[in-house]
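Subject: Handing over a structure, with notes on what was found

Dear colleague,

I am passing on the structure we spoke about, together with an account of what was found in it. Please have it open beside you while you read.

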Amino acid sequence: MNKFIKIAFSLIITGIILMVFATYLSNSANYEKKNYTISADNIKNLDLNILDSNISIEENTSSGNIEIEYYTGIEREILITHTDKKLSIKENKNTFGVDIDFSIFSKKQEIKIKIPKSSSIDVHSLNKIGDLTIKDLNIKHLTANSKIGNVYLTNVSILDTEIKLSTGDLKIDNFKGENNSLKINNATGNIKLTNISGIRNLNIDNNTGDIDLSSSTIKNINISNKLGNITLNNLPNESTDNISLETNTGDISLFNLTANNSISLKSSTGNILAELNDNESNFTNGSNKKKTLFTSSSTGTVTVKFSNK
C-alpha cells in the first residue's frame, strides 16, 4: 500500500509539473510589447536589474527622450519606476509556485533602451542571464555586473567604467575616456579591447580566458591573468608610461609598442615574446638609462627584440 501511495504521489507531482510547463509554453508566446517614454532632462541615473533578458542601450537619434521597448508576459514582468532623477527597470520572475525556471525553453527577450547622445547619465546594470550591448553613447559613469552573458561596448565615451563578469566575453571597440580609469574583472571569458583612448589607468583581473589589447592610447596598463594568453599590439609610441602583465599559465606577447617608464612581464608557465619599437640602449644599465624592462618565466622561453638597434 505504501508503495502504491508513493507511486500515486509521484504521478500527481509529475502531472502538476507538466501542467505548469504546458501553461508556461502556452503563455510564453503571448508576450505583450510595451513602450515607455520619458524626457531625458528628468533622468540622471539609469538602474537595471534584469533576470533573463538581453539589454540593448543605444543612441536615440529621433528625439530628446529616453525610449524603452520591452516585452512582458505571465512568467516575466518588467517594472519601470521613476523616482526623482532615477529611472529603474526591474525584471521579475513568476515561478507558479514551483521553483523551476522554464525560461530555457523560450526565446530570450530583449529590452531596448534609446538615450539621446547629449544626455550624460550614470548607468548601473545588473544582469543575471543575458547580454549587455551599449553603443553610440556618452555616459558619465558605468558599472556593469553580468553573471552569465557577454558585454559589448562600441563607440562610447565614458568617464569612469567598472565591468564585472562571472561567465562571458567582453568586447570593447572605440572607447573614449577622459584621463580616468577602466576596471575589468572577469572570472571566465575572453577580453578584447580595440581603439581605447583617454584612459589613465587600465586594470584587468581575469581568471580564465585570453586578453587582447590593440591600437589604444593608455597611460598605465596593469593586467593579471591566471589561465590564458595576454597580447598587446600596436600601441602608439610615447602613449604609454607603464606596462605590467602577469599570467600564471599562458603566453605573453607584445608587438609594435614601448613604454616611457617601465615594462614588467611575468609568466609562471608560458613563453614571453616582446617585440619593442624602441632602442635597446634605452633599457641598459648605463648612465643614460631612462626605462626599466623586467621579464620572468619559470618554465617558458623569453625573447626580446628591438626594432631600432
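Two strands are said to pair if DSSP finds at least two bridges between them. By that rule, strand 15 (residues 242–249) and strand 17 (residues 262–269) are paired, with 7 bridges in the parallel sense, and threonine 247 is the residue that stands opposite serine 267 of strand 17. Strand 17 is also joined to strand 19 by 6 bridges, and these two strands again run parallel; here serine 262 faces threonine 292 in strand 19. Please bear in mind throughout that this is a predicted model.

As for the overall picture, the protein has 20 strands and 1 helix, and 39% of its 309 residues count as buried. Among the contacts with a separation of 6 or more, 36% are made by residues that lie 24 or more positions apart.

The salt bridges

How many salt bridges does a search of the whole structure find? The search gives 3, and I take them in turn.

In one of them glutamate 69 is paired with lysine 33, with 3.6 Å between the closest N and O atoms. This pair links distant parts of the chain, since glutamate 69 belongs to strand 3 (residues 65–72) and lysine 33 to strand 1 (residues 32–39), 36 residues apart. Glutamate 69 has a relative accessibility of 22% and therefore counts as partly exposed, and lysine 33, at 46%, counts as partly exposed as well.

Another salt bridge brings together the side chains of lysine 135 and glutamate 58, at 4.0 Å from N to O. It too links distant parts of the chain, with lysine 135 in strand 8 (residues 132–148) and glutamate 58 in strand 2 (residues 45–59), 77 residues apart. Lysine 135 is partly exposed, its relative accessible area being 34%, and glutamate 58 is partly exposed with 23%.

The remaining salt bridge is formed by aspartate 278 and lysine 291, whose closest N and O atoms are 2.4 Å apart. Because aspartate 278 lies in strand 18 (residues 272–279) while lysine 291 lies in the loop between strand 18 and strand 19 (292–297), the pair ties together parts that are 13 residues apart in sequence. Are these two residues, aspartate 278 and lysine 291, buried or exposed? Both of them are buried.

Two buried polar residues

Glutamate 91, which is found in strand 5 (residues 86–93), has a relative accessible area of 3%; buried means under 20%, so this residue is counted as buried. Its side chain reaches the backbone nitrogen of leucine 51 at 2.9 Å, and the side chain of glutamate 91 also makes a polar contact of 2.8 Å with the side chain of serine 53. Leaving aside neighbours within four places in sequence, the residues in contact with glutamate 91 include Asn49, Asp52, Arg76 and Ile78.

Serine 53 appears again in the surroundings of asparagine 127, whose side chain reaches the backbone oxygen of serine 53 at 3.4 Å. Asparagine 127 is part of strand 7 (residues 121–129) and, with a relative accessibility of 1%, counts as buried. With neighbours within four places in sequence again left aside, asparagine 127 is in contact with several residues, among them Ile50, Ile55, Asn145 and Lys147.

The nonpolar core and the aromatic pair

The largest nonpolar core has 64 residues, and of these Ile57, Ile113 and Leu232 touch the most other members. Not counting residues up to four places away in sequence, isoleucine 113 touches a set of residues that includes Leu46, Leu48, Ile57, Ile66, Ile68 and Ile89, and glutamate 58, met above in a salt bridge, is also one of those that isoleucine 113 touches.

Finally, the structure holds 1 aromatic pair. Phenylalanine 283 and phenylalanine 306 form this pair, which is tilted, with 5.7 Å from centre to centre and 40° between the planes. Distant parts of the chain are linked by it, as phenylalanine 283 sits in the loop between strand 18 and strand 19 and phenylalanine 306 in strand 20 (residues 302–308), 23 residues apart. Phenylalanine 283 and phenylalanine 306 are both buried.

With best wishes

Methods. Residues numbered from 1 in each chain as written. Predicted model: local features only at pLDDT ≥ 70, side-chain atom pairs only at ≥ 80, totals over all residues. Heavy atoms only, no water. Helix = DSSP H or I, 4+ residues; strand = E, 2+ residues; numbered from the N terminus. Buried < 20%, exposed > 50% of the residue type's maximum accessible area, 1.4 Å probe, protein only. Polar contact = N/O pair within 3.5 Å; in protein donor to acceptor, adjacent residues only side chain to side chain. Contact = heavy atoms within 4.5 Å. Core = buried A, V, L, I, M, F, W, Y, C linked by side-chain atoms within 4.5 Å. Phe/Tyr/Trp six-rings, centres within 6.5 Å; stacked < 30°, edge-to-face > 60°.
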